[in-house]
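Reader: I should be grateful for a close reading of one part of this model, namely its pairing strands and what surrounds them. Please treat it as a connected account.

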Amino acid sequence: MLQFINDLPENIVGIHAVGEVTKEDIDTVLIPRLDDLVKRQGEINYLLVLETDAQNFTAGAWFNDVKVGLKHFTKWKKVAVATDQKSVEWFTNHIFKYLIPGKAQGFSLDKLEDAVKWISED
């Protein structure tokens, strides 16, 4: 399930992922928030707090996640991923930055405050 994180600056979309993440979660939670942010800001600052295994994303969720990434490809400014999954943190720090035009940084869950600070900075 995806849940919107409310206590963030207006220029950031924050999403908390727990349990199973479905296509409907991407369609009803993530996409509308990103579309709204692009309309307001013209760019995307995205914080993902990942407290579920990446394998808990259904195939439809992965497909729609990729679609939204491509739809707004030139709009990605910063992506922060906070997770206890070392492989996801490593991927964010070493690979993801080559997949989007913006910056990407991985953080452990105990460094969530640092992630929010980093993504909030210009």
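Author: In this predicted model, strands β3 and β4 run parallel to each other and pair over 7 bridges. Within that pairing, Leu47 has Ala80 of β4 as its bridge partner. On the other side of the description stands the pairing of β4 with β5, which is also in the parallel sense and extends over 5 bridges; here Lys78 is matched with Lys103 in β5. A further parallel pairing, again over 5 bridges, links β2 to β3, and in it Val13 stands opposite Tyr46 of β3.

The burial of these strands may be taken next. In β3, 7 of the 7 residues are buried, so the strand is largely enclosed by the rest of the structure. For β4 the count is 7 of the 8 residues, and this strand too is therefore largely enclosed. In a regular strand, side chains alternate between the two faces of the sheet. For β3, Ile44, Tyr46, Leu48 and Leu50 point one way, whereas Asn45, Leu47 and Val49 point the other way, and all of them are buried.

In soluble globular proteins, nonpolar side chains tend to be buried together. The largest nonpolar core of this model has 24 residues, of which Leu2, Ile15, Leu30, Leu34 and Tyr46 touch the most other members. Two or more residues are given to this core by each of β2 (13-17), α1 (23-41), β3 (44-50) and β4 (76-83). The largest share, 7 residues, comes from α1. Apart from this core lies another, of 9 residues, including Leu8, Val49, Phe107 and Ile119. Tyr46 and Val49, which point opposite ways from β3, are thus placed as follows: Tyr46 is in the largest core, and Val49 is in the other one. As for Leu2, its contacts beyond four places in sequence are Ile15, His16, Ala17, Val21, Asp25, Ile26, Val29 and Leu30.

Helix α1 also carries salt bridges, among the 4 counted in the model. One of them joins Lys23 to Asp27, with the closest N and O atoms 2.7 Å apart. These two residues are 4 apart in α1, about one turn of the helix. Lys23 is partly exposed at 35% relative accessibility, and Asp27 is likewise partly exposed, at 28%. Another joins the side chains of Asp36 and Arg40, at 2.9 Å from N to O; this pair, too, is 4 residues apart within α1. Asp36 has a relative accessible area of 36% and Arg40 one of 43%, so both count as partly exposed.

The last part to consider is helix α3 (residues 86-94), where Glu89 is found. Glu89 forms a salt bridge with Lys86, the closest N and O atoms being 3.6 Å apart. The two are separated by about one helical turn, because they are 3 residues apart in α3. Lys86 is exposed, with a relative accessible area of 58%, whereas Glu89 is buried at 15%. Beyond four places in sequence, Glu89 touches Thr83, Gly106, Phe107 and Ser108. Phe107 is also a member of the core of 9 residues.

A nonpolar patch on the surface is formed by Trp90, Phe91, Ile95 and Leu99, which together have about 370 Å² of accessible area. Leu99 lies in the loop between α3 and β5 (103-107) and is partly exposed, with a relative accessible area of 46%.

Conventions:
Residues numbered from 1 in each chain as written. Predicted model: local features only at pLDDT ≥ 70, side-chain atom pairs only at ≥ 80, totals over all residues. Heavy atoms only, no water. Core = buried A, V, L, I, M, F, W, Y, C linked by side-chain atoms within 4.5 Å. Buried < 20%, exposed > 50% of the residue type's maximum accessible area, 1.4 Å probe, protein only. Contact = heavy atoms within 4.5 Å. Patch = residues over 30% accessible without salt bridge, like charges linked within 9 Å, V, L, I, M, F, W, Y side chains within 5 Å. Areas by Shrake-Rupley, 256 points an atom, 1.4 Å probe, with all protein chains shown as cover. Pairing = 2+ DSSP bridges.
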